[in-house]
Each structure stands twice: as C-alpha cells, then as structure tokens.
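Welcome, and thanks for taking a look at this one with us. Below is a short tour, grouped by topic, to read alongside the structure.

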Amino acid sequence: MRRAILLVAAALAAGPAGSQGEPPPPPGGVTGVITGTGFTRIKIAVPEPEGDPTLRGIAAEIAATVRDDLAYSGYFEVIDPALYPLAATSKETTATDKWASIGAAAVASGKLAPGSGRIDFRGKLVNASPATTLFERRYGGPSDLVRRVAHQYADDIVQQLTGQPGIAMTWIAFVGKHGKGKEIYMMDYDGQRVRRITSTGSINLMPTWSPVAQRLAYMSWRTGAPSIDVLESDGKITRAQTAGGTMNISPDWSPDGRRIVYASNASGNCDVHILDLASGRSSRLTSSPAIDASPSFAPNGREIAFTSDRSGSPQIYVMDAEGLNVRRLSSGDDYADAAAWSPKGDRVAYVSRRGGRFDIVVIEIQSGAVTSLTHGEGSNENPRWSPDGRHLVFSSNRAGAYDLYTMRADGTDVRRLTRGGDCITPDWSHRTP
Amino acid sequence: MSNRTCVWLATVAIGAGLLASGCSSKAKTTTTPETATAPVETAPTTTAETAPTPVAEPFPKTQVDKAPVESSIDDLNRSGVLKTVYFAYNNDSIDDTAKTILQGNAAWIQSHAKYTVEIGGHCDERGSIGYNVALGDRRATAVKSYLASLGANAGKLVAISYGEEKPADTGHDETAWAKNRRAEFLIKP
C-alpha cells in the first residue's frame with residue numbers, strides 16, 4: 001500500500017499534470033499521511049466500464065458513482081471524462097501511456113459481464129506510469145444495488161491508493177417528517193437511496209448508530225413520554241431499560257456498544273445516566289441541580305462530553321466515564337450544545353449560537369483552539385463525524401427549511417444531501433462490521 | 001458538463017422524488033389552534049339585567065353528565081378549560097400572569113379529580129434540539145409542581161416534554177417564539 005502511494009506520487013511528479021500556469025507543487029514530494037486539503041490530489045481517470053450495450057446504463061451509473069465517491073473523499077482529482085477521448089486518440093502506444101497523456105496517475109476501469117438480474121462487475125485499478133496493475137477484483141449483487149457495488153469498488157480504490165479505509169459504504173440515519181410524526185430514515189452517505197425505517201406515527205429524534213452493529217438508539221414519543229428505543233437491523237424495536245422518570249433522551253453508545261449514555265429526569269432533574277445493556281442497570285453520572293444533557297462518548301471510552309447550564313447558559317463539559325473530574329470545554333460561547341467527539345478523539349464538534357443562529361465549531365482538546373466550520377449560513381445544528389473523521393454531516397436551514405448537508409472537517413466542500421425540508425438530527429454510521 | 005454535475009443532478013432528482021414521499025415539505029399552517037385567547041370568555045357575562053325570578057326546574061340536579069365520556073373529554077380539550085401558560089426565553093420560571101392562569105387550572109383540576117392531565121412542555125426553535133427537550137421538561141415539571149402546591153393531585157399530573165418539536169406557531173419571529181415557549185394541557189380519561 002505504501003508502495004502504491006509512492007508510485008502515484010512519482011507519477012504525479014513526472015507526469016504532465018498541473019502545468020497550465022498553476023503554481024508549482026510544494027517541494028519535498030509526498031510523504032507521510034495524506035490529510036487536509038492542502039496536498040496534491042491523486043489524479044485518476046474513471047472511464048465507463050466496458051460491456052454489452054444493453055448494460056450501458058449500469059456502466060454509466062457505476063462510473064458516475066465511483067467518480068463522485070473518489071472526488072468526495074478529498075484524496076482524488078477525478079479527471080474530466082470529456083478528456084478521455086483525447087487519451088484514446090493520443091499517439092502513445094500503450095494504454096497506460098495514453099491515460100498518462102491526459103494527466104492520469106491512475107485509471108479505475110472495469111468490465112460488466114451480462115448476468116440475468118445480477119451485476120457481474122470486474123474492477124481494475126492500474127497505475128499509469130510506470131504501468132502496473134494494482135488490483136483486479138470482481139464485484140456482484142442484485143441489479144438494484146448498482147450504487148452499492150460502485151461504492152465498494154471506490155472504497156477499494158481509496159484503500160489501495162491511500163492506505164486509508166474509505167467511507168462510501170457508510171450510511172446516514174436521520175429524522176424526517178412523515179404525516180404528523182417524525183420518523184427515522186436512513187440513506188447512503190451521499191444522500192442516495194433514502195428509505196424510512198420506522199412507522200410509529202409519533203415523534204422520534206436523534207438516531208445514533210451502534211459502533212459495533214447495525215442498530216440504532218434514538219428517543220421516541222411513541223408511548224407518550226420521551227423514551228429510548230433501540231432499532232435492530234431486522235426492524236425490531238426494543239425499549240431500553242432506562243432509569244425511570246418521564247424523560248429519557250439523547251442516547252449515545254459506548255465505543256464497545258455495551259452501554260448507552262443518556263439524559264434522564266429520573267432523579268427529578270435532568271442528569272446524565274449510563275445504562276449497562278447486559279445487566280439493565282443504570283447509574284447516574286451527574287447530580288447538579290442544572291440541566292445536564294446531550295452526552296457524547298469519547299472514542300477511547302474513558303470520557304464523556306455533555307451539555308450543562310450549571311454556569312447559567314448551556315455549555316460543553318467533559319467528565320470521566322464514571323462521572324468524576326468534570327471540566328468545562330467550551331468558552332466564549334453564549335450557548336453551546338450537541339457535542340460530538342471525533343473518531344480519533346482529538347476534537348469535539350458542537351453548535352455555538354451567534355446572533356440567534358447556530359454555527360458548527362470544532363475545538364481541539366489539547367490546545368483548546370476553536371475553529372468555526374460554518375459562518376452564519378442559516379442555522380446549523382447537530383454535527384456528527386464520518387467514521388474517518390474527514391467529514392461532518394449536519395442539518396441546516398440555509399436554503400429555507402432544515403435539510404442535511406455534509407462538509408469536510410475544515411468546513412469546505414459543503415454538499416446538500418436532502419431536499420424537501422424537515423430533515424434533522426443526522427448520524428453517520430460506523431464502518432460496516 | 002462535468003461528471004460531478006451529472007451525479008449531482010441525479011442526486012437531486014432521486015433525492016427529491018424520495019423525499020417527496022418521506023420528508024414532506026413544511027406545511028405552512030400559521031394558525032394557532034390552542035392559544036389562550038380562544039372563545040372561552042364570551043359566554044357567561046351578559047345575564048345580569050334580566051334577572052328573572054328563579055323558576056323551579058323540573059328534575060333538579062339530574063346526573064346525566066357522566067355518560068358520553070370520550071366525546072366530553074375531546075370537548076373539554078377543545079373548549080380550552082385548561083389554559084396554556086407561557087415562558088420567557090430560555091427560562092422555566094412561572095411569572096405572575098402564568099400563576100393566575102394556573103390557579104384557575106388548579107381549581108378545575110381539583111374539581112375534576114378523576115381526570116389525568118398531561119402537561120406538555122414546549123420550547124421555541126432558538127434553542128438547540130437536544131437541550132430544548134430538557135428545557136421543555138423543566139417547564140412542564142415546574143408547572144406540575146406549582147399545581148401540586150395549590151392542591152392538585154400530583155399523581156394525576158403527567159409532565160411530558162416535547163422540546164421544540166410541536167410548535168403552536170410555525171413562524172420564525174418573536175411573535176411565534178413567544179407562543180411556542182409554553183406549557184399546555186391535555187385532559188385524559
């Protein structure tokens with residue numbers, strides 16, 4: 001894998017790419033891990049897979065999906081397909097040299113074999129210069145899962161060329177309005193294949209994926225008072241055995257998926273509690289007379305961020321998972337809520353209110369440095385990280401009603417995922433176990 | 001046309017289609033069906049002048065009013081015998097106006113002790129979604145405690161927070177927000 005990166009880097013340095021009056025690439029070449037947006041992206045061509053003309057539609061969808069996945073990842077610059085005919089007619093003799101002539105450092109091609117009702121796709125990733133086949137792999141599935149096949153191929157390309165696992169196979173769960181209620185929905189990470197997964201006829205909010213299984217915890221009003229439900233992948237709903245009271249809300253899973261931290265008024269006041277799923281025992285972690293709510297488990301399992309208004313206005317605090325050693329994290333915010341710990345545990349995203357609207361900010365735990373990721377484009381709420389920590393999904397009413405958007409972890413490349421409004425409280429799945 | 005545009009258009013088309021059945025666009029009903037200024041105050045005030053001599057009613061104090069229970073509860077809720085109270089921004093304290101209203105509510109609740117009464121705590125959209133559920137609970141609980149302190153049976157009062165999920169007014173200005181920061185009552189069998 002490391003070798004693949006070096007090969008691509010060499011190709012980038014040698015190839016004719018980036019020579020149209022652009023500033024020269026920074027000296028020193030590509031070393032170490034590729035992060036952020038300030039690095040040279042890998043130039044890749046993704047031609048439509050070859051195959052029978054009757055499979056043209058599928059071929060086009062695979063190519064388009066892979067291109068979008070690769071561009072979205074932030075690691076790649078997908079070469080404009082309009083240039084591909086130039087490669088074909090170039091005077092170079094080998095196929096890889098032809099691709100290199102339009103700047104491609106790598107080519108992700110494929111072949112579709114005819115299969116009745118099923119996709120039979122063979123993806124082939126080659127390094128253009130020097131010409132090397134990096135992998136050739138066969139993918140299949142029912143014909144209505146074309147995008148899923150393409151996502152899998154895209155993730156393999158990302159893994160091969162960057163050494164990092166991709167996120168194209170992940171999902172986003174969220175809440176959407178349905179009739180008089182608000183139900184749980186899910187969709188692919190790119191906003192496609194939206195489907196509703198609950199039919200309660202009541203309000204449900206804040207779905208959260210288990211880190212270790214395809215199950216969701218969320219809060220539901222389906223039996224009256226807001227309570228925590230767990231939805232299994234087969235559609236079965238179970239009520240979490242929370243502490244009692246008339247409000248049990250805002251669940252988040254421990255990294256091992258065995259405990260759920262949540263907020264409850266069981267003690268007569270809203271406090272953070274933790275439920276051990278195996279024993280069904282809950283214990284209270286906070287006991288201030290203020291509201292303590294919106295807990296988020298750190299990925300190391302040892303700390304919990306939460307919201308408390310013990311200082312007057314809601315602010316983000318961090319405590320040990322046993323409830324001790326409480327310290328304030330946010331400062332300089334009028335009102336802060338909805339903390340979400342990054343997958344690496346080095347940062348916490350949350351919402352900070354400014355001038356009556358929310359912006360999404362990120363605080364670095366070590367330095368305390370705060371960066372705004374949104375800048376007053378409507379109100380932006382409920383940030384949650386992609387499993388690779390390179391993107392965030394959030395809701396925003398920047399276009400009128402609330403819809404879901406994603407952005408890179410530095411706030412750039414904002415993409416709208418839903419249209420139609422009333423889509424809120426998203427959560428990005430962990431990688432498929 | 002770039003490849004990204006292609007995908008994007010597809011995204012829009014498919015997304016819009018699916019969401020049309022799923023996340024329906026916001027119904028812009030700006031009516032406020034349950035505000036406190038409903039028709040309650042018009043009926044009983046204009047009878048003083050005629051002052052008829054009391055006529056003996058046949059069948060005095062007949063007890064027929066407990067028969068159609070279900071519809072009568074709906075009627076009670078619709079008529080607004082229990083009035084909504086409102087809160088200041090990001091606040092759960094009960095001001096004097098609210099106290100006066102709640103004293104009336106408490107009297108009714110005590111004289112109709114058979115009913116369970118749900119107190120729904122609500123918030124305006126300016127708070128965050130998560131925190132607002134906790135704030136709505138504070139409002140509902142504060143109202144419940146006050147009613148109990150006036151003698152209402154706390155065992156028949158259920159405080160439920162709805163956060164900002166059930167606005168009385170779907171507008172986005174202070175007029176709407178003021179109507180949404182509320183505790184409202186639902187009489188149950």
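A good place to begin is a bridge in chain A: A:Val393 stands opposite A:Thr406, a residue of E28(A). Please keep in mind that this is a predicted model. From that pair we can work outwards to the rest of its sheet, then to a second sheet, the domains and cores, and finally chain B.

**The sheet around E28(A)**

- The strands E26-E27-E28-E29 of chain A, in that order, make up an open sheet of four strands with antiparallel pairing.
- Strand E26 (380–385) and strand E29 (415–416) of chain A are at the edges with a single partner strand each, so one side of each has no neighbour in the sheet.
- Six bridges hold the antiparallel pair made by strand E27 (residues 391–396) and strand E28 (residues 403–408) of chain A.
- Besides the pair of A:Val393 and A:Thr406, A:Phe394 is found opposite A:Tyr405 of E28(A).
- A:Thr406 also has a bridge partner in E29(A), namely A:Arg415.
- E28(A) and E29(A) run antiparallel and are joined by two bridges.
- Is E28(A) mostly covered or mostly open? It is mostly covered, since five of the six residues of E28(A) are buried.

**Two hairpins in that sheet**

- E27(A) and E28(A) form a hairpin, and six residues lie between the two strands.
- In the turn of that hairpin, A:Gly400 has a positive phi of about 125°.
- The hairpin of E28(A) and E29(A) also has six residues between its strands.
- Here the turn holds A:Gly411, with a positive phi of about 90°.

**A second open sheet in chain A**

- Another set of four strands, in the order E14-E15-E16-E17 (chain A), forms an open sheet with antiparallel pairing.
- Its edge strands are strand E14 (248–253) and strand E17 (281–284) of chain A, and each of them pairs on one side only.
- On average, neighbouring strands of this sheet are turned by 25° against each other, with direction ignored.
- E14(A) pairs with strand E15 (residues 259–264) of chain A in the antiparallel sense, over four bridges.
- One of the partners across this pair is A:Ile260 in E15(A), which is bridged to A:Trp253.

**Domains and an exposed loop residue**

- Chain A is divided into domain 1 (5–16 + 170–428) and domain 2 (42–162).
- Taken over C-alpha atoms, the centres of domain 1 and domain 2 of chain A are separated by 35 Å.
- A:Asn300 sits in the loop between strand E18 (292–297) and strand E19 (303–308) of chain A.
- Why does A:Asn300 count as exposed? The reason is that A:Asn300 has 11 C-beta neighbours inside 10 Å, and a residue is exposed at 12 or fewer.
- From A:Asn300 to A:Gly117 the C-alpha to C-alpha distance is 44 Å, with their positions 183 residues apart in sequence.

**Cores and helix H2(A)**

- In soluble globular proteins, nonpolar side chains tend to be buried together.
- Which residues touch the most other members of the largest nonpolar core? They are A:Ile44, A:Ala104, A:Ala106 and A:Tyr350, out of 121 residues in that core.
- Helix H2 (residues 56–73) of chain A gives this core its largest share, nine residues.
- Leaving aside residues up to four places away in sequence, the residues that A:Tyr350 touches include A:Ile316, A:Ser330, A:Asp337 and A:Val361.
- Another core lies apart from the largest one and has 19 residues, among them B:Tyr86, B:Ile119, B:Leu147 and B:Ala159.
- H2(A) is largely enclosed by the rest of the structure, because 14 of its 18 residues are buried.
- The 18 residues of H2(A) reach 26 Å from the first C-alpha to the last, close to the 26 Å expected at 1.5 Å a residue.
- A:Gly74, just after H2(A), takes a positive phi of about 90°.

**Chain B**

- Five helices and four strands make up the secondary structure of chain B.
- Read from the N terminus, the elements of chain B run α-α-β-α-β-α-β-α-β.
- Chain B has 189 residues, and 33% of them count as buried.
- Among the contacts in chain B with a separation of 6 or more, 76% come from residues 24 or more positions apart.

Notes
Residues numbered from 1 in each chain as written. Chains lettered and ligands numbered in written order. Predicted model: local features only at pLDDT ≥ 70, side-chain atom pairs only at ≥ 80, totals over all residues. Pairing = 2+ DSSP bridges. Buried ≥ 20, exposed ≤ 12 C-beta atoms within 10 Å, placed from the backbone. Contact = placed C-beta atoms within 7 Å. Axes fitted to C-alpha atoms, helices over the stretch in contact; angles between N-to-C directions. Core = buried A, V, L, I, M, F, W, Y, C linked by C-beta atoms within 7 Å. Domains from an automatic or database assignment. Expected span 1.5 Å × (residues − 1).
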